[in-house]
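Visitor: Could you take me through the empty spaces in this one, the enclosed one as well as the open one? I'd like a close look at what lines them.

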Amino acid sequence: MAAVLTFQSLKNALVWLFLCVLAFSPSVWGRPATFLQDFRVTWSDAHIKQIDGGRAIQLILDQNSGCGFASKSKYLFGRVSMKIKLIPGDSAGTVTAFYMNSDTDTVRDELDFEFLGNRTGQPYTVQTNVYAHGKGDREQRVNLWFDPAADFHTYTIMWNHHHVVFSVDDVPIRVYKNNEARGLPYPKFQPMGVFSTLWEADDWATRGGLEKIDWRKAPFYAYYKDFDIEGCAVPGSGACASNPSNWWEGSAYQQLSAVEARRYRWVRMNHMIYDYCTDKSRYPVTPPECEAGI
């Protein structure tokens, strides 16, 4: 009897181990990758340095150049996240961007994180924007409630048939809902690549361009690690993007949970500093997606 129990216990342990491996396998929860597995340098190879065997990278901005990289594939729905440590100290006039883009000229879809540098001691601002069917100008800005240059923090774009959610350390800061039923555009048909750039934008980035880059502080450095892409790669299985069994299409991801909703309201109430929906100088008539509660 003891031998039977021992065998059964071993069997149960192996089953449990198998389920754990399955639950956290790439097909279910994704995997952090080395930089060169999923990405390529698109701009100024000399200004991107691999660290720790490619598990992290350093982006460099100086007076000669900024830099950028992009995913080797495009994706249609899924989740993308990266851990980023932003430029410390006086970063005014710089922009570190992490975004998805269909890379089409006129009718493009795009989902943006843009980190707007600032003077030493002032908060970092993250600007989000959504382009759907070529229409953008949907900026929202949030002051981050921590120092994003002191350590790595996780920035995530989750995109499914129901909504797009921008999150910082699992705290939602922006939700763009699918309101096609109301005749509003939603990024649904064009696959998007994953991009990042570090560049000079002192004509607008800090206080509308009033604060310029202090090149005496250059070079400027931003760091990335834990590159995680889960989604339907294109080209790939034509049925993937419409498959309701993809984990990101599950009921738990079709709307914010109660905890996420509380966090979202907290960010909006305490840290939002600009919302195009309430900018009457730009939009005397409230944009329809704002009235729809996006």
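Guide: Here's a walk through the cavity and then the pocket. Bear in mind that this is a predicted model. Rolling a probe the size of a water molecule over the atoms shows where empty space is left. Start with the enclosed kind: the count comes to 1 cavity of 30 Å³ or more, and the largest cavity holds about 50 Å³ of space. Its walls are made by Tyr-75, Phe-77, Gly-78, Arg-79, Val-80, Met-100, Ile-157, Trp-159, Ile-229, Glu-230 and Gly-231. If you sort that lining by element, β4, β9 and β13 (220-234) each give two or more residues, and β4 gives the most, with 5 residues. Sorted by class instead, the cavity lining comes out as 7 nonpolar, 2 polar and 2 charged residues.

Now for the open space. The largest pocket has a volume of about 380 Å³. There are 17 residues lining this pocket, and the ones closest to its centre are Arg-79, Thr-156, Ser-167, Asp-170 and Glu-260. Two or more lining residues come from each of β4 (67-85), β9 (153-159) and β10 (163-168). By class, you get 7 nonpolar, 6 polar and 4 charged residues around the pocket.

Keep an eye on Arg-79 as you turn the model: this residue lines the largest cavity, and Arg-79 is also among the residues closest to the centre of the largest pocket. The strands β4 and β9 turn up twice as well, giving two or more residues to the cavity lining and two or more to the pocket lining.

Definitions and conventions:
Residues are numbered from 1 along each chain as its sequence is written. This is a predicted model: local features need pLDDT of at least 70, side-chain atom pairs count only at pLDDT 80 or more; totals for chains, interfaces and linings use all residues. Side-chain values use heavy atoms; hydrogens and water are left out. On a 1 Å grid over the protein atoms alone, a cavity is a set of points where a 1.4 Å probe fits but cannot get out, and a pocket is an open set with protein on both sides within 12 Å along at least five of seven lines; lining residues have an atom within 4 Å of a point. Grid points are joined across faces, edges and corners, and a volume is the space filled by probe spheres set on the points. Helices (H or I, at least four residues) and strands (E, at least two) are DSSP runs, numbered from the N terminus. Ala, Val, Leu, Ile, Met, Phe, Trp, Tyr, Cys and Pro count as nonpolar, Asp, Glu, Lys and Arg as charged, and the others, Gly among them, as polar.
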